[in-house]
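Visitor: I would like to learn how to read contacts that involve aromatic rings. Could you take me through them one at a time?

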Amino acid sequence: MRKILLLITFCFISFPAILLAQTETKQCTLFDEIELLKHVKSLSSQAFEGRRTGTKGAVKARKYIINQFHALQVKPLGKSFEEPFFFVKKKNYEGVNVLGLVEGTKFPKKYIVISAHYDHEGIKNGKIYHGADDNASGLSALFAFAEYFKKNPPQHSVILAAFDSEELGLQGSKYFVKNTKIPYEDLLINLNMDMISRSDKNELYVAGTSENKKLKYLMSNFNYSCNIKLLTGHDGYDGLDNWTYASDHANFHKQGIPFLYFGVEDHKDYHEPSDTFENIHPEFYLEAVKTIIEVFKKVDQSNL
Ligand SMILES: [Zn+2]
């Protein structure tokens, strides 16, 4: 009898503790924070020469992305990870998107596209435009997502899209949206990340809710407590700059596909050679990526 009582007491006392421990471990292991910062540092280093479309810096970035996708067990969306495309902008360019797939457990034929552009401005007047915030930050977050999915497979299939040629007029996303074989009604939403690693005011914006009732409702009920402010706006209804067409999500929006775009206000190093790893805010960045993963969870569990 005493033994049973002891056992019952043990269960009652230790069960919440175990639960708490599990939640804590889960929170801690969303992704490897040190690795995430290392990715931003590497991709914005001199070796990548500003990752301009068609340069060897871009080729190097692509290899880096594919290596990470392999290591994180992300499958190619098509026959290979690479989706080449051509366009003319003063001269001929060849861009290459890198597209990975994580299959959904419940709705494998319905897709959430998580995107970030990997190209930047390259070298101009002998100066490297490092593009740490723009957009090594968003790109590296794709790897954090891939890592997260290894332990927490999504219900819907997820396309991890590293788009090329954003800086040359959103060309990579334009090609992808126009040429995908997936019916548009099965592309449920685009979550786009472009510049998410620094904010003097500790503010991350999410645009795309103003014209979409479901997303508006979803975000108004979002209360993940973390150390940054997630603000809705910048989508044409609040007197702030309208970011609806500011990055790759624009091409999804033009086809009527809902989007959530995550980004920060422009800063003094925006499109300057000084957009370097040293100038990002690591604590803000890590919180931003965790917050976006929490938003993803809500989207994945919702009825889009
Ligand atoms: Zn950008």
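Guide: Let us begin with a charge placed over a ring, bearing in mind that this is a predicted model. Here the charged end of Lys124 sits over the ring of Tyr129, at 4.6 Å from the ring centre.

Visitor: Which ring does the charged end of Lys60 sit over?

Guide: The charged end of Lys60 lies over the ring of Phe48, 5.3 Å from the centre of that ring. Phe48 also belongs to an aromatic cluster, which it forms together with Tyr64, Phe69, Phe81 and Phe143.

Visitor: How many aromatic pairs does the structure hold?

Guide: There are 17 aromatic pairs in the structure. One of them joins Phe176 and Phe252, whose ring centres are 6.1 Å apart and whose planes meet at 45°, a tilted arrangement.

Visitor: Why does the pair of Phe176 and Phe252 tie together parts that are apart in sequence?

Guide: Phe176 belongs to helix α5 (residues 171-179) whereas Phe252 belongs to helix α7 (residues 249-254), so their pairing links parts separated by 76 residues in sequence. As for accessibility, Phe176 and Phe252 are both buried.

Visitor: What is the geometry of the pair formed by Phe222 and Tyr224?

Guide: Phe222 and Tyr224 form a tilted pair, with 6.3 Å from centre to centre and 50° between the planes.

Visitor: And how should I read the accessibility of each partner, Phe222 and Tyr224?

Guide: Buried means under 20% relative accessible area, so Phe222, at 16% relative accessibility, counts as buried. Tyr224, by contrast, has 23% relative accessibility and therefore counts as partly exposed.

Conventions: Residues numbered from 1 in each chain as written. Predicted model: local features only at pLDDT ≥ 70, side-chain atom pairs only at ≥ 80, totals over all residues. Heavy atoms only, no water. Phe/Tyr/Trp six-rings, centres within 6.5 Å; stacked < 30°, edge-to-face > 60°. Helix = DSSP H or I, 4+ residues; strand = E, 2+ residues; numbered from the N terminus. Buried < 20%, exposed > 50% of the residue type's maximum accessible area, 1.4 Å probe, protein only. Lys NZ or Arg CZ within 6 Å of the ring centre and 35° of its normal.
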